[in-house]
Amino acid sequence: MAHTPLTLRGLSVEGVNQCVHCGLCLAYCPTFSELGTEMDSPRGRIFMIKALAEGRMSLTDPAVEHLSLCLDCRACETACPSGVPYGRLIEAAKAEIERQRPGGAVRRAFRWLNFGVLLGHPKMLRAAAAGLRLYQASGLQALVRRSGLVSRLPGTLSAWEALLPSLPRAVDRAPLPAHIPAEGERRGRVALLTGCVQSVVFGAHNRATARILAKNGYELVVPQAQGCCGALNAHGGDHARALSMAKETIGVFEAARADAVVVNTSGCGAHMKAYGALLADDPAWAGRARRFAAGVQDISELLAKAPLRGPLRPAPMTVTYHDPCHVVHGQKIRKEPRQLLAQVPGLTLVELPEADWCCGSAGIYNLTQPEMAARLLARKVGHVESTGAQAVVTANPGCILQIQQGLRERGRDVAVLHLVEILEKAYGG
Amino acid sequence: MATLTADRKRALRTELEGMLGRGAVLSDPDELLVYESDGLTLFRALADFVVFPQSAEHVSAVVKLAHREGLPFVARGAGTGLSGGCLPAEGGIVLSLMRMNRVLEVDYDNQLAVVEPGLVNLHLSWKVGPKGYYYAPDPSSQQACTIGGNIANNSGGPHTLKYGVTTNHVLGLEVVMPDGEIVWLGGKTRESQGYDLIGVFVGSEGTFGIATKIVVRILKKPQAVKTVLAVFDEVDQASAAVSEIIARGLVPAAVEMIDQLTIGAVEDAFGCGYPRDAAAALLVELDGLAIGIETQAERIVAACRDSGAREVRTAKDEAERQLLWKGRKSAFGAYGRVSPAYMVMDGVIPRTRLPYVLRRVNEIVDAHGLRVGNVFHAGDGNLHPNILYDPRKPGEEARVVAAGAEIMKVCAEVGGSISGEHGIGLEKADFMPFIFSAADLALMQRLKHAFNPQGLCNPGKVFPTRKSCGEAGAVAYRPHAIEEQGLAQRF
Ligand SMILES: Cc1cc2nc3c(=O)[nH]c(=O)nc-3n(C[C@H](O)[C@H](O)[C@H](O)COP(=O)(O)OP(=O)(O)OC[C@H]3O[C@@H](n4cnc5c(N)ncnc54)[C@H](O)[C@@H]3O)c2cc1C
Ligand code: SF4
Ligand code: SF4
C-alpha cells in the first residue's frame, strides 16, 4: 500500500519511520542525560516530529521548546543501529518552527545580524571583527566583565559577550593568497574553504592548514569569491537561504578544479558533505551537488591518508582531544585526528572522558540556549580537568571558543588548540 | 477508572510541583504523548502526569498522594521494556526515575555497589571498570536500560548462561511500598534472615512497589576472554551445535544465535564482521582463568565444526570482539533498517527442541504473511523471534498479535515458557493461562495483594484481563470482609 510521504515545510521526514523506538540512543543524548525527559531525547524528538508531520500534534510552546533544545550534535545518529537520519529530521522540524514561529523582534534582529548579513559577507564580518578588536583593546571589555554589567544583559547577549575571542592582529586576519604551491613531491591539488567566521577570528587556523598542506605535498587554491556554506542557516531553519548559499559555494569551488575541497571547521564540512541530499530534488543541481559533496574532506581525513611528511619537531606536552560533534558524529571521523597526534614526537595523548559529547557550542546554540550550553560546558570542563592535560586539542572554532571560555571561568591555564595548530608547531611554526 | 476533572488536575499538578519542584511535573498532553509507549510500540497508554522524583522521599510523597486520591501509578526507567510494563495502563501518574541515577557507594573490598534505580546498567560497569570490576547482568539494551527496570523484569542477557540473571546479583533494596512506606529488603550481606523478599520483589514487574536504592554485587573482570564466531549454512546445524557444546560439558559464558535477516541488518548498521550469506551464526564466549581457556576454545571450535559449521574463527583482539558484540546487542534496533516496526517474542524452550521450534516459528509467521528475524540467547533456550511489520498497513498489527500468540503456544507445548526475561507486562498478560492454572494465578494474585492491596501500583499488568481470564477461570483475589477487618487471615 502506498503511503503519503511525511513532510514538514516541504522537506521529507520519512526517516521517522526508521525509528523502532528501541531507546538505544537515549543515554548518548546530552540533553536527555541532563534532563531525563523523554521529549528532550532523540526518541522523543523523533516521535514529536512524526506526530507533527502526521498532524497528531501541533507546534505548541512545549513542542517548540523541546525541539529547539536539540543541539543537533547527532550523537544519536552514531548510536542508532537503525540508521535514522536524525540530522535531516531536525532540520525539517526547525524549518517548520521558523515558518510558524518567526520569533520575537529581538530574536529576529539577532538572526538577521547573524545569518542575513554578516555570515554571507566576509567583508562586513571583518569590519565587525575590527569593532570587536577595538572593544577588547580599549579595555572596555575588561571593565564590562568586571562591572557585573554582563549578568544584567539579556541571556543571549551575555553569552555573546563571554564568547568574544581575543582577536588576532590585523595582519593575521588578512586573507590567504589565492594559490600556494606544494613543497616537495606533489600529491595533489586541493581547495580550502576558509569559512566565514573563522577566516576573520581564526585566520591562524587557515594559515596553519595551508602550511601543513604545502609541507605534505598539496598544492592549495583558495577561491577568493567564496562565501558562507550555509550550514548555520540550515540548522537554524532558514532553508531557502541555505539552498542559495550551497549553490554559490558549489559554483565557486567547481571553478577551482581541485581534487578535493578541504575544510577545517566541523559544521561546514558535515554540511557540505550533505549537499547531495540537500539539493537532491533540484534536477539542475542534484548531480553537481553529489559530485561536489563526494570531494569534501575534513583536514584530518586528508592528512591521515599517509604518514605525515617529516621532519617533525618534538612537542613534549600532554594533551587531550575533544571530538567536535560534526566531525565525529556528522562525518564519522574518530581515528584520524588521534592518529595524527600520535605522530607528533614527545606528545602524550590522554583520552578525554565523554570526548565525543557536545561542549554546548553547537553552532549558535550557546547564544540561543545559554542555560543548557552552560551545563554541558561545565560537564566538559570537568572532564578536561580530570585528565590533567596541558592543552585540549580539537578541530572546530566553535568548540575552541566555548571550551576556552569554560576554562577561563574556572581559572584554568589550559590551552585550547586546533589540531592544525599543534601540527604546525611540530613543523616548527 | 474515573477521569480527573480539569480543576482536580490543576490542583494535583500544583501539589505535585510543591513536592518535587518546578520542571519535575508534566501534564501537557503533547508532552505526555511522548510517554505513551516503551520499546514495544504495539501498546499505548496515556498518563495524567509524568513526574521526576529525585529521592526516596519524593517517591514516597508522590505514592502517598496517589494512594490518597485512588490514582494508579507506575515506575518508569528508560522505557526500553518490551512488554509494555511501564505503561500507565489505567492512566494516573508515571514516576520517571531518570533523575535518580547516582552511584551512591562502591565497596570494592566487599564487591558491592549501592545505586539509584535510574542508573543506566552499562554506566555502573563504566564506573567500576577502572578498578577491574563490572556488573555482570548484561541485557542487550544495557547501554540504555536502568538497573531499576532490570530489577523489575529480572532481566537477563547473553552472559546469563554462566552468571545468572539480575536476581542473582541483588543483595538489598530500598523500596517505597504501594502505600508510600519506605522499607529495606535484604541489605549488604549475601544472606539475610527471614524470607527471601529480594527474590520475591525482583521480577515483580513494578507491581510490588518502587525500588529507590539497590545494592548489587560487582564482579572482578575475568582474567581471560575468548570469543568464537561460528558460521553455518543451515539454521538446524547451528541449533545442533548449541546442544553439542553443552553436551560436551563445556560451560561458555554466552552462546548467542543470530540469523541471516538479522545479520543483514546489523551489518548495514555497523559492519561488524558477520558474513551476510550465512544462514545463521553463533557467537560463543568463554571467560575465566587464562589457564585452560585455549583448550576450551579448541573444544568449542570442534563442537561447531562437528555440527557442520562452514567457518569458525576467534576474535583476534578486543576491538574485533567488541564489534561482534556491538552487532549482537544492537540487533533489535537494527531491524529498523528492514522494517518500520517489530514485535519481539520472548519464549523459553528446552534447548533440544530448538530446531523444531524455529521451524514452527517460520511456518507460523509465513502463514500470517509476515517476516521474522531471530537473534537470541541460544544457550539458555531463550528465543527472540522478532516479527516484522508495518503499523501503517491496516490489519497487520492484528496478524502480528495472532502469530505471536501461536508462537507462545508452541513454546508452552514443548514444555517451555512464554517469557524468558522481558516480562509479562501488558503484552503477555492474556497468555498467562497457557502456562498457569487458575489456582496458580489465584495464588500469585494473593502474593500481589499482600504487597499491593489497593492494586494502584502498576495495574493492568501480568494477570489476564477479566474478559480473557474467564476462559481460564482465574478470578482476581478479593479479601473477604472479615479479612478486611483483621479478624481472619487466609493462607
Ligand atoms: C534493543 C533491546 C534489547 C533488549 N535486550 C534485552 C536482554 O538481552 N535481556 C533482557 O532481559 N531484556 C532486554 N530488553 C528489554 C528491556 O531492556 C529490559 O526489560 C530492561 O530491564 C528494562 O529497563 P528500563 O529501564 O528500560 O525499564 P522500563 O521499560 O522503563 O520499565 C520496565 C519495568 O520496570 C518497572 N520499573 C522500572 N523502574 C522500577 C523501579 N525502580 N522499581 C520498580 N519497578 C520499576 C516498570 O514499571 C516496568 O514494569 C531489551 C530491550 C531492547 C529495546
Ligand atoms: S533513533 Fe534509533 S536508537 Fe533511537 S529509538 Fe529510534 S531506532 Fe532506536
Ligand atoms: S542531535 Fe544531539 S541533542 Fe539532538 S537528539 Fe540527537 S543526541 Fe540529542
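## D72(A) and the shell of ligand 3

With a relative accessibility of 5%, D72(A) counts as buried. This value, like the others in this report, comes from a predicted model. D72(A) belongs to the loop that runs between helix 3 (61–68) and helix 4 of chain A. Its phi is near 60 degrees, which is a positive value in a residue other than glycine. Most residues other than glycine have a negative phi.

D72(A) is also one of the residues around ligand 3. The others in that shell are C29(A), P30(A), P42(A), R45(A), C70(A), L71(A), C73(A), R74(A), A75(A), C76(A) and Y86(A). Two elements of chain A give two or more residues each to the shell, namely helix 2 (42–54) and helix 4 (75–79). By class, the shell around ligand 3 has nine nonpolar and three charged residues, with no polar ones.

## H21(A) and the shell of ligand 2

H21(A) is a second residue of chain A with a positive phi, near 65 degrees, and it is not a glycine. H21(A) is placed in the loop between strand 2 (11–12) and helix 1 (30–35) of chain A. Its relative accessible area is 6%, so H21(A) is buried, the limit being under 20%.

Ligand 2 has H21(A) in its shell, along with C19(A), V20(A), C22(A), G23(A) and C25(A). The rest of the shell consists of R43(A), I46(A), C80(A), P81(A), S82(A) and V84(A). Sorted by class, the residues around ligand 2 are eight nonpolar, three polar and one charged. Ligand 2 sits in the second largest cavity.

## Contacts of S37(B) and E36(B)

H21(A) also appears among the contacts of a residue in chain B, S37(B). Leaving aside neighbours within four places in sequence, S37(B) touches H21(A), F43(B), R44(B), R76(B) and L87(B). S37(B) lies in the loop between helix 2 and strand 2 of chain B. At 3% relative accessibility, S37(B) is buried.

E36(B) is likewise placed in the loop between helix 2 and strand 2 (49–51) of chain B. E36(B) counts as buried, at 6% relative accessibility. Outside its neighbours within four places in sequence, E36(B) is in contact with F47(A) and R56(A) from chain A. From chain B, the contacts of E36(B) are F43(B), R44(B), A45(B), L46(B) and L87(B).

## L32(B) in helix 2

L32(B) is part of helix 2 (residues 29–33) of chain B. Its relative accessibility is 4%, which makes L32(B) buried. Beyond the four places on either side in sequence, L32(B) has contacts with K9(B), L26(B), S27(B), L46(B), A47(B), D48(B), F49(B) and V50(B).

The separation of L32(B) and L173(B) can be given in two ways: 141 residues along the sequence, and 29 Å in space from C-alpha to C-alpha.

## Cysteines

How many disulfides does the structure hold over all chains? The count is zero. For C358(A), the closest cysteine sulfur is that of C325(A), 3.8 Å away. A disulfide requires two cysteine sulfur atoms within 2.5 Å, so the sulfur of C358(A) is too far from that of C325(A) for a bond. C358(A) is a buried residue, with 4% relative accessibility.

C457(B) is in no disulfide either, and the nearest cysteine sulfur, in C86(B), is 13 Å away. C457(B) is buried as well, with a relative accessible area of 1%.

## A cis peptide bond and chain A overall

The peptide bond that joins G310(A) and P311(A) is cis, with omega at about -5 degrees. Most peptide bonds are trans. P311(A) is located in the loop between helix 18 (299–303) and strand 8 (317–321) of chain A.

Chain A contains 24 helices and eleven strands. Of its 429 residues, 58% are buried. Among the contacts in chain A between residues at least 6 apart in sequence, 77% join residues at least 24 apart.

Conventions:
Residues are numbered from 1 along each chain as its sequence is written. Chains are lettered from A and ligands numbered from 1 in the order in which they are written. This is a predicted model: local features need pLDDT of at least 70, side-chain atom pairs count only at pLDDT 80 or more; totals for chains, interfaces and linings use all residues. Side-chain values use heavy atoms; hydrogens and water are left out. Buried means under 20% relative accessible area, exposed over 50%, partly exposed in between (1.4 Å probe, protein chains only). Helices (H or I, at least four residues) and strands (E, at least two) are DSSP runs, numbered from the N terminus. Contact means heavy atoms within 4.5 Å. A residue is near a molecule or strand if one of its heavy atoms lies within 4 Å of it. On a 1 Å grid over the protein atoms alone, a cavity is a set of points where a 1.4 Å probe fits but cannot get out, and a pocket is an open set with protein on both sides within 12 Å along at least five of seven lines; lining residues have an atom within 4 Å of a point. A molecule sits in a cavity or pocket if more than half of its atoms lie within 2 Å of its grid points. Ala, Val, Leu, Ile, Met, Phe, Trp, Tyr, Cys and Pro count as nonpolar, Asp, Glu, Lys and Arg as charged, and the others, Gly among them, as polar.
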